[in-house]
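Here are a few exercises to work through with the model open beside you. Try each task before you read its solution.

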Amino acid sequence: MCGIVCYIGKQEATPILMEGLKRLEYRGYDSAGIAVSDGDETFLVKEVGKVRNLEEKVQALSPHGTMGIAHTRWATHGRPTVENAHPQTGETEKIFLVHNGIIENYRFLKDDLEEKGHTFKSQTDTEVLVHLIEEYYDGDLEKAVKEALGLVQGTFGIALFHRDNPDKIVLARRGSPLILGIGENEFLAASDVNALIRYTNKVVHLNDNELAVLNHTNYHITDFQDRKVTREMETIEWDQGAAEKKGFEHFMLKEIFEQPECVKNALRGRIVEGEGVPRLGGLEGVLDRLKSIEKVHFVSCGTSYYAGLLARYIFEKLTDLSVEVEYASEFRYRNLRIDERTAILAISQSGETADTLAAVREARRKGALCLGLVNVVGSTISKETDAGVYNHAGPEIGVASTKVFLSQCVVLTLMALLIGRYQRLSLTDGLLVTRALKELPDHINKVLKQADYIQDIARQYAKYNDFLFIGRLYNFPIAMEGALKLKEISYVHAEGYAAGEMKHGPISLIEPNFPTVAILPRDSTYSKMISNIQQIKARDGHVIAVAVEGDDHIQSHVDHVISVPHTIDIIQPLINTIPLQLFAYYIAKERGCSIDKPRNLAKSVTVE
Ligand code: F6R
């Protein structure tokens with residue numbers, strides 16, 4: 001949530017900062033700003049709305065200089081206004097600061113500062129922090145930052161500089177990611193590698209309670225107690241092209257079409273041929289402990305939660321483990337029986353989601369083995385878990401998760417297979433799963449070829465304001481995910497339901513203006529799904545069915561059929577999710593919505 005980018009070096013900072021902001025805009029987009037210094041003068045430009053609004057202002061004012069900080073905001077304290085946009089300044093307007101996170105005790109700090117004569121221009125918690133640093137500043141910025149942060153409760157990733165000493169940018173972090181980008185005589189920093197990869201693939205992750213100083217020729221890191229921190233540089237593998245649209249109208253569409261490749265990347269080098277078992281290097285160190293685990297809790301949020309819900313069915317099928325799936329935001333407040341025979345698996349695209357991270361910390365406190373399934377390499381969750389697996393899905397820029405959801409489902413299936421094969425799962429069954437996974441990219445390609453057909457259906461349904469999505473068993477989580485995709489990007493009300501629950505309430509909603517999307521693979525639930533559909537049709541509801549190829553029977557029961565290739569039961573939902581992503585995308589497009597950056601949402605939710 002919110003994006004930070006900083007530059008100090010030999011080049012003009014403004015174009016680099018603006019480019020970085022565009023790449024970070026998916027993290028927050030209700031206002032943006034930059035502060036650039038040429039050594040004598042500091043230029044501060046802020047604007048409400050998207051980064052392109054700021055760009056117009058920046059072009060008119062031409063701020064120049066070889067160092068600067070920039071921010072794109074997702075409002076927490078105070079409405080999106082120019083005053084509330086970052087960088088924020090203090091009383092003397094000499095310190096410029098950008099901030100991700102929340103200062104929880106800002107009210108208390110503000111009252112105290114007001115008593116000391118400070119006056120505030122914004123409603124933000126961030127401005128309180130600048131004033132606090134200013135209060136401690138006596139010529140040594142790092143010292144003032146450390147002293148001020150000693151009083152702060154909450155989370156922060158901050159970057160700041162002082163007008164009187166424009167040769168350095170100070171960064172500090174607790175709970176909000178910050179990554180340093182190390183170039184040739186130039187240094188960058190950002191809350192996400194996406195803003196850095198165009199300039200360097202050499203990065204250093206800042207950890208919690210650490211402070212970094214960048215100047216024109218060097219950088220150093222210390223902890224908040226002034227101890228020097230030495231950290232190896234890492235080389236990131238994401239290529240710059242992956243963060244560009246490559247001719248697609250939206251990142252979301254590009255990411256939907258990247259899914260066959262994503263599956264291949266999730267499987268690459270992970271299947272032991274002929275053994276029906278995967279090799280997951282990230283779990284090797286904890287395999288022995290995993291064998292003694294009796295219970296696993298999947299903790300996650302949003303779409304990652306639905307991946308967990310699906311994985312519960314898959315784990316139940318392939319393993320003897322008892323599995324619970326819990327919203328991370330609920331998990332940490334529950335009174336659960338967690339011990340050394342319990343594992344938790346945190347599922348998170350960003351690896352930074354505050355609720356999921358808090359759940360990991362809570363489980364660790366109780367002695368559980370903490371595992372992670374994360375897409376962003378080096379993210380906080382990947383570091384705070386005992387072991388884990390990466391998705392290798394590449395950057396996901398569209399705020400609505402598509403390719404990483406699919407990749408999560410693939411990797412979770414691999415995890416279940418790994419554990420199952422150590423338990424009772426036979427070689428034959430293991431081989432069935434690995435074969436189905438390997439066929440998945442071709443199956444997905446077949447669905448993607450129907451994009452025009454799905455767009456055509458979406459056009460006919462774009463006028464409706466309410467939708468029901470139903471499925472049973474493996475496809476119940478897919479119905480929930482389909483509904484979430486539709487509501488988040490097209491602002492249409494949609495409910496995902498277990499089809500069997502329909503008669504216990506939601507059926508009362510059914511009428512001609514309340515269409516249903518029904519997922520009905522040829523599995524044990526088929527005839528029950530047909531009954532549900534008949535109940536809907538009897539009430540004049542429209543039905544779009546996602547059914548498997550060769551199901552000629554379904555045509556006569558529904559208004560539209562999207563046919564998908566058939567595979568084994570546990571892998572079928574992974575195919576079924578693709579048409580629902582396309583359906584949501586085309587409805588949102590038809591309704592003229594901001595698809596990659598839906599209102600009020602942000603990609604990386606670092607507030608609880
Ligand atoms: C929806 C979506 C969100 C995220 C959720 C968790 O399309 O993307 O619901 O899934 O915010 O985020 P991560 O996976 O980064 O923990």
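Two strands count as paired if DSSP finds at least two bridges between them. Keep that in mind for the first exercise, and remember that this is a predicted model.

**Exercise 1. Work out how strand 11 is paired on each side, and which residues face each other.**

Step 1. Start with strand 9 (residues 179–182) and strand 11 (residues 202–205): they run antiparallel and are joined by 3 bridges. For a landmark, find Leu180, which sits opposite Val204 in strand 11.

Step 2. Now look at strand 15 (residues 234–235), which pairs with strand 11 over 2 bridges, again in the antiparallel sense. That count meets the cut-off of at least two bridges. Here Val203 stands opposite Glu234 in strand 15, and Lys202 stands opposite Thr235.

Step 3. A reminder about such pairs: strands of a sheet pair through backbone hydrogen bonds, either parallel or antiparallel.

**Exercise 2. Place these strands in their sheet and find the edge strands.**

Step 1. Follow the pairing from strand to strand, and you get an open sheet of 8 strands in the order 3-2-4-1-10-9-11-15, with antiparallel pairing.

Step 2. Read off the two ends: strand 3 (42–48) and strand 15 are the edge strands, as each pairs on one side only.

Step 3. Zoom in on the strand 3 end. Strand 2 (residues 31–37) pairs with strand 3 over 7 bridges in the antiparallel sense, and Val36 stands opposite Phe43 in strand 3. The two strands make a hairpin with 4 residues between them, and Gly39 in the turn has a positive phi of about 100°.

**Exercise 3. Find the backbone oddities at Pro87 and Asn185, and say which loops hold them.**

Step 1. Recall the baseline: most residues other than glycine have a negative phi, and most peptide bonds are trans.

Step 2. Check omega between His86 and Pro87: the value is near 0°, so the peptide bond is cis. Pro87 belongs to the loop between strand 4 (67–73) and strand 5 (88–89).

Step 3. Then check Asn185, whose phi is near 55°, a positive value in a residue that isn't glycine. This Asn185 lies in the loop between strand 9 and strand 10 (187–190).

**Exercise 4. Describe how the protein holds the ligand, from its nearest residues to its polar contacts.**

Step 1. List the neighbours. There are 14 residues around the ligand, and Ser304, Ser348, Gln349, Thr353 and Glu488 come nearest. By class, the shell splits into 4 nonpolar, 8 polar and 2 charged residues.

Step 2. Look for oxygen atoms of the ligand with N or O partners. One is 2.5 Å from an N or O atom in the side chain of Glu488. On the backbone side, an N or O atom of Thr303 lies 3.1 Å from a ligand oxygen, and for a backbone N or O atom of Val399 the distance is 3.3 Å.

Step 3. Ask how much is covered: the ligand has 410 Å² of accessible area on its own, and the protein covers 90% of it. The space the ligand takes is the largest pocket.

Step 4. Trace the shell back to its elements. Helix 9 (302–318) and helix 16 (475–490) are the ones that give two or more residues, with helix 9 supplying the largest share, 3 residues.

Methods: Residues numbered from 1 in each chain as written. Predicted model: local features only at pLDDT ≥ 70, side-chain atom pairs only at ≥ 80, totals over all residues. Heavy atoms only, no water. Near = heavy atom within 4 Å. Polar contact = N/O pair within 3.5 Å; in protein donor to acceptor, adjacent residues only side chain to side chain. Areas by Shrake-Rupley, 256 points an atom, 1.4 Å probe, with all protein chains shown as cover. 1 Å grid on protein atoms, 1.4 Å probe; cavity = no way out; pocket = protein on both sides within 12 Å on 5 of 7 lines; lining within 4 Å. Sits in = over half its atoms within 2 Å of the grid points. Nonpolar A, V, L, I, M, F, W, Y, C, P; charged D, E, K, R; others polar.
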